[in-house]
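Trainee: Can we go through this one together? I'd like to begin with the ligand.

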Amino acid sequence: MKQFSYFVKLNLHSMKLITLLLGLSYCLSAQDTYLKNIVKFPLGASVNPRMLNENEAYRNIAKEEWTSLTAENHMKMMLIHPAADRFDFTKGDEIVAFAAKTGKRMHGHTLVWHNQVPQWMKDFQGDQQAWEELLKNHIQTVASHYKGKMAGWDVVNESFLDDGSLRPSLWADHIPDYIAKSFQWAHEADPDAILFYNDYGQDGKPKKMQAILDLVSDLKRRGIPIHGLGLQMHINVDSKRNELQEVLDKSVATGLKIHLSELDIAVNPKNNPDFVYEEKVASAQAEQFNFVFKSYMMIPAAQQYGITFWNISDKDSWLRGYFKRPKEYPLLFDDNYAKKPAYTSLINALHSLN
Ligand code: G3I
């Protein structure tokens, strides 16, 4: 009898232990279902304030999945500085408030760009000094407004053409040395912000890559504050890994922080109207995501500013609207905001590296 009650006690004990272990493993696997828990650097997406307001699924992913946010459009010149004497911070502020409420880092995008420039700037007439005043006022008003709320800024975006020459733009045409001046002005307005030069498509374009590296050396030599390189990473399933790796290696060699700042992986880059997103291409895309994350995880922790996806679900991607390419599926969440197999594949691939 005594032996029987001992046996029962022992089994109760083991059952409790098993329940505890099961509970623990459930908690662990629930946590592990978030990519952000696997990586040791900030993980984010660019967002759109209208979607944050109107769409619960979108808002939940923004809240649960990411640790960093970027405004996809609402801090760009055209939207934030609609008239010469008027700034409109409303939408940018909404994103910053959402980030603060949900405990996320904010990354600023972008102070100076040739694109999405308001009409009044395009029509502006003035000498070099007047142009400098315009740009300085723009940069410093925006950077001061968000001072203390932004971890970093894309100060200058996309200044070089594929052949490495300086892209003609309002800024290049009217302000000699506008890149260096922009970094200086941004630093004066927000000395704690990490300042980035951001660009795309360096893979397979050695002259463009070299122009960026030369810019970094030049700014450093002159003591101009530049702290990071944004590699946009608008890539596709066929982007060559050796070329992507080379871009990453050369960027890391500058010693600056590296931000994979606008990641998406196109599966239908040629905009085939009959394209079908079937298993084979989806798994090639998953492999490409795994490659990007694994390579990034290999760089020194001090240089990992983070990885940012360019918006949240396939449905929200700029690639569909901008290129009129309805059959494009470049992100980790599908049109119904469900995790795609690429998400789970990433978790599994990265687990082994931790
Ligand atoms: O909001 C207007 C709407 O009122 C109007 O009816 C509609 C008609 O075209 O346009 C809407 O504006 C669009 C805006 O996105 C908001 O959706 C613009 O036309 C469209 O050109 C704009 O595209 C943005 C693009 O930058 C502009 O070049 C994309 O959303 C945005 O994802 C994209 O982001 C850039 C990064 O900033 C820099 N790197 C490249 C990246 C992709 O192009």
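Trainee: So how far is a polar side-chain atom of Asn115 from an oxygen atom of the ligand?

Mentor: A polar side-chain atom of Asn115 lies 3.3 Å from a ligand oxygen, and please keep in mind that this is a predicted model.

Trainee: And what about Asn73 and Glu72? What are the distances there?

Mentor: For Asn73, a polar atom of the side chain is placed 2.9 Å from an oxygen atom of the ligand, while for Glu72 an N or O atom in the side chain is 2.4 Å from an oxygen atom of the ligand.

Trainee: How much of the ligand's accessible area does the protein cover?

Mentor: On its own the ligand has 790 Å² of accessible area, and the protein covers 52% of that.

Trainee: Which pocket is the ligand in?

Mentor: The space that the ligand takes up is the largest pocket.

Trainee: How many residues surround the ligand, and which are the closest?

Mentor: There are 15 residues around the ligand, and the closest are Glu72, Lys76, His109, Glu158 and Glu262. Sorted by class, this shell comprises seven polar, four charged and four nonpolar residues.

Trainee: Changing topic, where is Gln202?

Mentor: Gln202 belongs to the loop that runs between β5 (194-199) and α10 (206-221).

Trainee: Is Gln202 buried or exposed, and why?

Mentor: Gln202 counts as buried because its relative accessibility is 6%, and the cut-off for buried is under 20%.

Trainee: And how far apart are Gln202 and Ala301?

Mentor: In sequence, Gln202 and Ala301 are 99 residues apart, and in space their C-alpha atoms are 23 Å apart.

Key. Residues are numbered from 1 along each chain as its sequence is written. This is a predicted model: local features need pLDDT of at least 70, side-chain atom pairs count only at pLDDT 80 or more; totals for chains, interfaces and linings use all residues. Side-chain values use heavy atoms; hydrogens and water are left out. A residue is near a molecule or strand if one of its heavy atoms lies within 4 Å of it. A polar contact is a pair of N or O atoms within 3.5 Å; within protein, one must be able to donate a hydrogen and the other to accept it, and residues adjacent in sequence count only if both atoms are side-chain atoms. Accessible areas come from the Shrake-Rupley method with a 1.4 Å probe; for residues, only the protein chains shown count as cover. On a 1 Å grid over the protein atoms alone, a cavity is a set of points where a 1.4 Å probe fits but cannot get out, and a pocket is an open set with protein on both sides within 12 Å along at least five of seven lines; lining residues have an atom within 4 Å of a point. A molecule sits in a cavity or pocket if more than half of its atoms lie within 2 Å of its grid points. Ala, Val, Leu, Ile, Met, Phe, Trp, Tyr, Cys and Pro count as nonpolar, Asp, Glu, Lys and Arg as charged, and the others, Gly among them, as polar. Helices (H or I, at least four residues) and strands (E, at least two) are DSSP runs, numbered from the N terminus. Buried means under 20% relative accessible area, exposed over 50%, partly exposed in between (1.4 Å probe, protein chains only).
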